[in-house]
Amino acid sequence: MSHSMFDLFKIGVGPSSSHTVGPMVAAARFAANLREEALLHNTHKVSIELFGSLALTGKGHATDVACVMGLMGEWPDSINSDDIPTMCNMVKGSKELPLDGHRFIPFDWDVDLVFHFDKVLPEHPNGMTLTALGENDEILLCKTYFSVGGGFVVEKGETDALASDFSPPNTFSSAVELLEHCKTQNKSIADIMFANELARAKHQDKKATMEAVNQQIDAIWQVMLACIERGIEQEGTLPGGLQLKRRAKKLHDCIKRKDTDGLPVDSNDWVNMYAMAVNEENAAGGRVVTAPTNGAAGVIPAVLAYYNKFVSPNNMDGIRTFLAVAAAIGSLYKTNASISAAEVGCQGEIGVACSMAAAGLAAAMGATPAQIENAAEIGMEHNLGLTCDPINGLVQVPCIERNTMGAVKAINATRLALNGDGEHHVSLDSVIKTMHETGLDMMSKYKETSQGGLATNTIAINVVAC
């Protein structure tokens, strides 16, 4: 399946694509269903049940907050994150919730939102059930959803979160098929993706143009850039109990001092700062781009900002090419493996983001399709086996630093690929298959939430799809 760029890159809020963005989407869909089925005004109560990893780390990932916001009719791509605390206090204080933004119903945060710490739904570690009840406690609507990583949500009974009647002109489910399209049509990977996006846009609106598609792509970059800029301005301590101090501003101030004093500044210092700024914003619940997850949201913006500063400043064609090709690679992982750390560990998040960023940077720097495929393969090959092990289930330690490492690895993977001719021993399809098998073989404690971890000198705390 060839996913859209805008499936892989979604504007949302932190700290987690699977534990914040996904649940908000699910709850908003549920509220919309009530409206569409004319059940809204008959609803007198709504209950939210969280299972598995959503329950075990729900408080730390603001899953409860996300669910309530969704029921209020808010969506991750449009909600103002600065308004969330006020809305939460309103619901908690009044014990009322404006369902779908319209009908006020009783809602007791501590009673109607249930964390099932000891239950995991068999279909996926990240499960949730929403139930709407009538005046006499009769069930009006009950739906179970699974947040499968990257903000994707699947309703129980669905086979694919992105199922539709649209088929792009250039379908591909493997790197081999993608490269074959490039060869037979004499086009770049970016060309293939742009053609698919335009066709997808025209399927929804016959008057759609490539200019409109480009505007969507540019909006993704602008949110990434704004996130970096906001992240390097903020100081203080991140929420969640670890009392972790923000470091991006300090890194930025250090770089500026070196510039002022005429001292050399390594480009890696900038990359580290970019990635850290984004993921500190994510940890604070700020506005980020899921790329392809929130836990790995800093890798692609950091590498793209590196390209914009050191390789080709203000080159919008290059930025669009970067994001298009990164999305093509992300689509392969989404189709053939997973971008959920609850399923395959952090190799499915940082590893995938690193692979996507390496491919995107290579493409923007003029690499051949074969070199791009090589860069993507290198990016993942050296993240295989990466576990999901954040302290206290928060997307902070080691997640924030891990984004800096993923970004630096991506740049090096690109350099290695550009110094070759595209020929290499391990194919991207093989490394994706290996990543998936490694994730399936990985013990559950390295993928799901449990007590222990780095905080207690055990290797994994083992959370979540970040």
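For sorting pocket residues by class, Ala, Val, Leu, Ile, Met, Phe, Trp, Tyr, Cys and Pro count as nonpolar, Asp, Glu, Lys and Arg as charged, and the others, Gly among them, as polar. On that scheme, the lining of the largest pocket in this predicted model comes out as 17 nonpolar, 9 polar and 7 charged residues. The pocket itself holds about 730 Å³ of space. Of its 33 lining residues, Gly14, Ser81, Ala284, Gly285 and Gly286 are the closest to the centre. Several helices chip in, too: H2 (17–36), H4 (63–71), H5 (84–94), H9 (210–231) and H11 each supply at least two residues of the lining.

Now for the closed spaces. Rolling a probe the size of a water molecule over the atoms shows where empty space is left. Here, 2 cavities of 30 Å³ or more turn up. The second largest of these cavities has about 30 Å³ of space, and its walls are made by Ala175, Leu178, Leu179, Ile189, Ile329, Glu373 and Leu428. Helix H7 (residues 175–185) gives the most to this lining, with 3 residues. Sorted by class, the lining of the second largest cavity has 6 nonpolar residues, 1 charged and no polar.

Back to H5, one of the helices that supply the pocket lining. Its buried residues are Ile84, Met87, Cys88 and Val91. Looking down the axis of H5, these buried residues fall within an arc of 100°, so they line one face of the helix. The general picture is simple enough: an α-helix has 3.6 residues a turn, so residues three or four places apart point the same way. Over on the other side of H5, Thr86, Asn89 and Gly93 are exposed. Another residue of interest is Lys92, which lies over the face of Trp109, at 4.6 Å from the ring centre.

As for ring against ring, the structure holds 4 aromatic pairs. In one of them, Phe115 and Phe117 have ring centres 5.9 Å apart and planes at 10°; with planes under 30 degrees apart counting as stacked, the pair is stacked. Phe115 is buried, at a relative accessible area of 15%. Trp270 and Tyr274 make another pair, with ring centres 6.0 Å apart. Their planes sit at 40°, so this pair is tilted. These two residues are 4 apart in helix H11 (residues 267–283), which means that about one helical turn separates them. Both are tucked away: Trp270 counts as buried at 12% relative accessibility, and Tyr274 is buried with a relative accessible area of 7%.

The Trp270 and Tyr274 rings also belong to a wider group, in which ring pairs link Trp270, Tyr274, Tyr306 and Phe310 into a cluster. Phe310 has a charged partner as well: the charged end of Lys309 sits over its ring, 5.8 Å from the centre.

Finally, a look at strand S2 (residues 45–52), where Ser47 is found. Ser47 counts as buried, at 17% relative accessibility. Its C-alpha atom and that of Ile432 are separated by 39 Å, with the two residues 385 apart along the chain.

Terms used:
Residues numbered from 1 in each chain as written. Predicted model: local features only at pLDDT ≥ 70, side-chain atom pairs only at ≥ 80, totals over all residues. Heavy atoms only, no water. Phe/Tyr/Trp six-rings, centres within 6.5 Å; stacked < 30°, edge-to-face > 60°. Buried < 20%, exposed > 50% of the residue type's maximum accessible area, 1.4 Å probe, protein only. Lys NZ or Arg CZ within 6 Å of the ring centre and 35° of its normal. 1 Å grid on protein atoms, 1.4 Å probe; cavity = no way out; pocket = protein on both sides within 12 Å on 5 of 7 lines; lining within 4 Å. Points joined across faces, edges and corners; volume = space filled by probe spheres on them. Arc of directions from axis to C-beta.
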